[in-house]
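Thanks for coming. I will walk through one structure today, and I'll put it up now.

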Amino acid sequence: MIDVLSKSNRDTAITIRRILKVNHAGEFGAIRIYGAQILIAGRLFPDIVKTLEDMRDDEIDHCRLFREAMPERGAKPCRVMSLWSLGGYVLGFLTALCGRNMVWICTEAVESAVHRHLQDQLAFLDNRDPDLHALIASIQEQELAHLREAENNQKSQGLSRALLLPVIGALTDMMIWLSTWGDSSCMRSEMARDKTAKSVKPTNAI
Ligand SMILES: [Fe+2]
Ligand SMILES: [Fe+2]
């Protein structure tokens, strides 16, 4: 029984380290996306620069908070931050070149993917790491505000949006997977196992 418990604690600790690693890398990528978009928007549509800068400031804060939460949980940043740096910058640069509407479509796609990941993590962390749960819940509120901002700023929601949302969403998921060398897949399957266990538990208890 002790062995089972210690294995389960060990698995939880590993998943928590993976969550921090994925989130820190993701925030870094978001900073780079907004950075490239700010650069292009400054030249082509300066009226949205302030909004983009405010959102980038939030991402800088999130990145710092996840980094600060790492040492006490034995987590380390992912080894290929340069991948996120380049991938984020290219995505931000290309979408901004396609116009302001594309900036908001890109933001909507990325923030939706982030929101999905955070939602899974909150379900897993509930009762396991209350401090990290509270941190992610507060960050999720700001990510949702970014998502709403992106949705509200879109002048049209036509075919380009329908085509690009899944593509950019999949690219974001792929970047997360690549940047953590598959850790995000392990993490998701651990969280899925956890969900299944939770849904089975009440029946066994009866
Ligand atoms: Fe963020
Ligand atoms: Fe965000």
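Start with E27, which is buried, at a relative accessible area of 5%. What you are looking at is a predicted model. H62 is buried too, with a relative accessibility of 0%. Buried here is anything under 20% relative accessible area, so both residues qualify.

What do these two residues hold? Both coordinate the iron ion (ligand 1), together with E59 and E143. E27 gives two OE donors, E59 and E143 each give an OE, and H62 binds through ND1. The distances run from 1.9 to 2.6 Å. Along the chain, the spacing of these donor residues reads E-x31-E-x2-H-x80-E. E27 sits in helix α1, residues 2–44, and H62 in helix α2, residues 49–69, so this pair ties together parts that are 35 residues apart in sequence.

Now the other metal site. Which residues coordinate the iron ion (ligand 2)? The protein donors come from E59, E111, E143 and H146, at 2.0 to 2.6 Å. E111 supplies two OE atoms, and H146 uses ND1. The spacing for this site is E-x51-E-x31-E-x2-H. E111 belongs to helix α4, residues 100–125, and H146 to helix α5, residues 130–153, so the pair links parts that are 35 residues apart in sequence. E111 and H146 are both buried.

How far apart are the iron ion (ligand 1) and the iron ion (ligand 2)? They are 3.8 Å apart, with E59 coordinating both. E143 also appears in both donor lists, through OE in the site of ligand 1 and through OE in the site of ligand 2.

Next, helix packing. Two packed helices are described by the angle and the distance between their axes. For helix α3, residues 81–97, and α4, the axes come within 7 Å and cross at roughly 145°. On the α3 side, L91, T95 and A96 make the contact; on the α4 side, M102, V103, C106 and V110 do. By class, that contact has six nonpolar residues, one polar and no charged.

Last, empty space. How many cavities of 30 Å³ or more does a search of the whole structure find? One. The largest cavity holds about 150 Å³. Its lining has 15 residues, with N23, G26, E27, V114 and I176 nearest the centre. So E27, the residue I began with, turns up here as well as at the iron ion (ligand 1). Helix α1 contributes the most to this lining, with seven residues, and α1, α4 and α6 (159–179) each supply at least two. By class, the lining of the largest cavity is eight nonpolar, five polar and two charged residues.

Definitions and conventions: Residues are numbered from 1 along each chain as its sequence is written. Chains are lettered from A and ligands numbered from 1 in the order in which they are written. This is a predicted model: local features need pLDDT of at least 70, side-chain atom pairs count only at pLDDT 80 or more; totals for chains, interfaces and linings use all residues. Side-chain values use heavy atoms; hydrogens and water are left out. Donors are N, O and S atoms within 2.8 Å of the metal (3.2 Å for Na, K and Ca); water is not among the atoms, so sites may look incomplete. Helices (H or I, at least four residues) and strands (E, at least two) are DSSP runs, numbered from the N terminus. Buried means under 20% relative accessible area, exposed over 50%, partly exposed in between (1.4 Å probe, protein chains only). Axes are lines fitted to C-alpha atoms, for helices over the stretch in contact, and angles run from 0 to 180 degrees between N-to-C directions. Contact means heavy atoms within 4.5 Å. Ala, Val, Leu, Ile, Met, Phe, Trp, Tyr, Cys and Pro count as nonpolar, Asp, Glu, Lys and Arg as charged, and the others, Gly among them, as polar. On a 1 Å grid over the protein atoms alone, a cavity is a set of points where a 1.4 Å probe fits but cannot get out, and a pocket is an open set with protein on both sides within 12 Å along at least five of seven lines; lining residues have an atom within 4 Å of a point. Grid points are joined across faces, edges and corners, and a volume is the space filled by probe spheres set on the points.
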